[in-house]
Amino acid sequence: MSTAAGERGGNAEDRTGHWSGIAQAYAASFASLCHGGVPGLLDAAEAAAGAGGLMGRRLLDVGTGTGAVAAEAVRRGAAVTAVDPDPELLTLGAAAFEGPTLLAALPDLPFGDASYDVVVAGFVVNQLGDPRAGVRELVRVASTAVAVTIWPSGPRPSATLLEETLRRAGAQPPPGTRLPAELDFERSVPGLGALLQEAGLADVVTAELRFPWRIAPQTWWTGIAGGVGVVGRTYLAQDDAGRARLRAAYDDVVGERLADQARQGRSGTELDLDEVAVVAAGRHP
Ligand SMILES: C[S@@+](CC[C@H](N)C(=O)[O-])C[C@H]1O[C@@H](n2cnc3c(N)ncnc32)[C@H](O)[C@@H]1O
């Protein structure tokens with residue numbers, strides 16, 4: 001997912017971009033998909049931080065969203081500060097953990113060099129207007145370790161399902177959903193590793209994260225109809241007939257997926273998707 005031009009404006013409020021006004025819809029739907037990546041992100045951060053892991057570390061969670069990363073980092077003993085450019089998401093994040101929160105956006109965080117021991121960003125780098133500048137900023141404010149997760153560009157069950165929905169509905173994503181080639185990076189295990197190395201991190205370790213995502217189709221739909229993600233923005237850009245086509249295509253694709261699951265002995269009313277993400281972490285040199 002790329003960003004709107006406004007996200008590269010002068011302050012955090014200008015940079016909420018596609019996240020503005022969708023906090024509740026996101027929290028009720030796609031957020032649980034991102035939460036599947038939290039343990040892997042923090043395991044990687046702990047390993048990169050070295051002896052003692054996150055215990056007693058000053059940890060900055062960038063793009064905290066609903067605060068799941070921050071809350072788990074507190075459970076692992078870190079003293080957590082969280083930032084997000086979207087005020088509504090920041091309010092949700094602040095309710096999830098004990099610690100300071102601040103409206104702020106990459107690539108300009110309002111912190112001095114090496115202000116935090118460990119800096120993490122879960123599923124944030126993949127949506128920045130300038131991912132390289134964003135990662136350099138994560139590295140700048142860290143003294144010890146940085147860890148990030150992204151969605152890879154290869155096939156993933158949830159993304160495949162949504163792409164098939166758009167294809168059957170004949171719906172085109174609105175312009176500006178892809179980054180220009182010169183700003184983009186390879187969304188893969190080696191691609192994310194290279195991004196962190198280029199930003200100056202040492203001993204970069206990368207891995208695929210695999211986790212299940214179970215969600216009721218109607219719950220997921222509330223996020224889509226609420227404008228979350230490329231599919232949500234595509235939905236909102238349609239006229240009434242286009243929206244009806246998209247909903248019908250979603251119902252068809254989801255119905256087929258549930259039937260497949262039942263044939264595999266996984267009956268039930270929830271989608272049961274084996275998700276994959278990419279994690280990378282490195283040490284501050
Ligand atoms: C997919 S959510 C992930 C939330 C959380 N990190 C998690 O893993 O559950 C992406 C988050 O990044 C935030 N975000 C978007 N642009 C950002 C930027 N330029 N700098 C920092 N955060 C940003 C969004 O507001 C949103 O909360």
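This section describes the ligand site and the central sheet of a predicted model.

The ligand is surrounded by 20 residues, of which G63, D84, L106, G122 and Q127 come nearest. By class, this shell comprises twelve nonpolar, six polar and two charged residues. Polar contacts to nitrogen atoms of the ligand involve the protein backbone at several positions. At G63, a backbone N or O atom lies 2.7 Å from a ligand nitrogen. A polar backbone atom of L106 is found 2.8 Å from a nitrogen atom of the ligand, and for a polar backbone atom of G122 the corresponding distance to a ligand nitrogen is 2.9 Å. Of the 600 Å² of accessible area that the ligand has on its own, 97% is covered by the protein.

The sheet is open and consists of seven strands in the order 3-2-1-4-5-7-6, with mixed pairing. Strand 3 (101–103) and strand 6 (202–215) each have a single partner strand and stand at the edges, so one side of each is left without a neighbour in the sheet. From one strand to the next, the twist averages 20 degrees.

Within this arrangement, strand 5 (residues 142–150) and strand 7 (residues 271–283) run antiparallel and are joined by six bridges. T149 stands opposite V279 of strand 7. Helix 5 (residues 87–94) packs on the sheet, where it touches strand 2 (79–84) and strand 3. The direction of helix 5 makes about 175 degrees with that of strand 3. Strand 3, contacted by this helix, is also one of the edge strands.

Terms used:
Residues numbered from 1 in each chain as written. Predicted model: local features only at pLDDT ≥ 70, side-chain atom pairs only at ≥ 80, totals over all residues. Heavy atoms only, no water. Near = heavy atom within 4 Å. Polar contact = N/O pair within 3.5 Å; in protein donor to acceptor, adjacent residues only side chain to side chain. Areas by Shrake-Rupley, 256 points an atom, 1.4 Å probe, with all protein chains shown as cover. Nonpolar A, V, L, I, M, F, W, Y, C, P; charged D, E, K, R; others polar. Pairing = 2+ DSSP bridges. Helix = DSSP H or I, 4+ residues; strand = E, 2+ residues; numbered from the N terminus. Axes fitted to C-alpha atoms, helices over the stretch in contact; angles between N-to-C directions. Contact = heavy atoms within 4.5 Å.
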